[in-house]
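Hi everyone, thanks for making time. I'd like to walk you through one model today, so let's put it up on the screen.

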Amino acid sequence: NGFEVGGTVTARMRGGFEGERFGVQMMVPLFGPIEFHPSFHLIVGNSPDGDAGWQLLTAFKARPLGRRTPWYLGTGISVVKNRTSFFDSGRSGQDNTEFMVVGLAGVSLPLGPVRPFLELQLLDPFGNRDGYIATGLTILQR
C-alpha cells in the first residue's frame, strides 16, 4: 500500500457556487478501512467584498465496506483563515480565523494509479451548516 497525493477544487454550494478553493491533499492508509486525509487550500474570493485566505483540513475517512470500495464517509477539523475585503483596496480588511468540525461523504474511483474523486463537505454541521463540493484527482505513490 502507498499513499496518494493530488489536487482539489472546492466551491461553496450556498447561493450558487462561490468562494472557490484550490489546493492539494494527501491520503495515507492507516489500518483496515481507515485513512488519514490532510489537505491545504487557498481561498479565492470572487467579488470585491469576497473573502480570500487559506484552509487547512484534516480528516479521518472510512470505507465501510472495505478499502477496495469507492465510497467513503469521514469527519475532521477545518481551520480557515481569511481576510475579508482582501481585493478591495479602498477598505482595510479584517482577519478572521475559524475552527470547525467537518462531515464528509464522497466517492473515489481507483483507475490504476489515478484516482478521481467527488466529495461533499459539511462544515460546522451543528451550527452554520455550510456545504461545499470538492472534486479533484490523486495519484497513488508507492
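**A buried loop residue, then the cavities and the surface**

Let me start with Thr 69, which counts as buried because its relative accessibility is 15%, and the cut-off for buried is under 20%. Please keep in mind that this is a predicted model. Where does Thr 69 lie? You'll find Thr 69 in the loop between S4 and strand S5 (71-84). If you look across from there, the C-alpha atom of Thr 69 is 9.3 Å from that of Pro 33, and these two residues are 36 residues apart along the chain.

Now let's zoom out to the whole chain. The secondary structure comes to eight strands and zero helices, so to speak in order from the N terminus: β-β-β-β-β-β-β-β. The chain has 142 residues, and 36% of them count as buried.

Next, the empty space inside. How many cavities of 30 Å³ or more does a search of the whole structure find? The search finds two. The largest cavity has a volume of about 70 Å³. Its lining is made of 14 residues, and those nearest the centre are Gln 25, Ser 39, Leu 57, Glu 119 and Gln 121. Strand S1 (3-12), strand S3 (34-43), strand S4 (51-62) and S7 are the elements that each give two or more residues to that lining. Of these, S3 supplies the largest share, with four residues. For those of you who think in terms of chemistry, the lining of the largest cavity splits by class into seven polar, five nonpolar and two charged residues.

The second largest cavity comes to about 50 Å³. Around it you can pick out Glu 4, Gln 25, Met 27, His 37, Arg 63, Tyr 72, Ser 108, Phe 117 and Thr 138. By class, that lining has four polar, three nonpolar and two charged residues. Gln 25 is worth a click on your screens: it is among the residues nearest the centre of the largest cavity, and it also lines the second largest one.

Finally, let's go to the outside. Leu 65, Trp 71, Leu 73, Val 107, Leu 109, Leu 111 and Leu 118 make up a nonpolar surface patch, and together they have about 640 Å² of accessible area. Is Leu 111, one of that group, buried or exposed? Leu 111 counts as exposed because its relative accessibility is 54%, and the cut-off for exposed is over 50%. Leu 111 sits in the loop between strand S6 (94-108) and strand S7 (114-123).

Terms used: Residues numbered from 1 in each chain as written. Predicted model: local features only at pLDDT ≥ 70, side-chain atom pairs only at ≥ 80, totals over all residues. Heavy atoms only, no water. Patch = residues over 30% accessible without salt bridge, like charges linked within 9 Å, V, L, I, M, F, W, Y side chains within 5 Å. Areas by Shrake-Rupley, 256 points an atom, 1.4 Å probe, with all protein chains shown as cover. Salt bridge = Lys/Arg side-chain N within 4 Å of Asp/Glu carboxyl O. Buried < 20%, exposed > 50% of the residue type's maximum accessible area, 1.4 Å probe, protein only. 1 Å grid on protein atoms, 1.4 Å probe; cavity = no way out; pocket = protein on both sides within 12 Å on 5 of 7 lines; lining within 4 Å. Points joined across faces, edges and corners; volume = space filled by probe spheres on them. Nonpolar A, V, L, I, M, F, W, Y, C, P; charged D, E, K, R; others polar.
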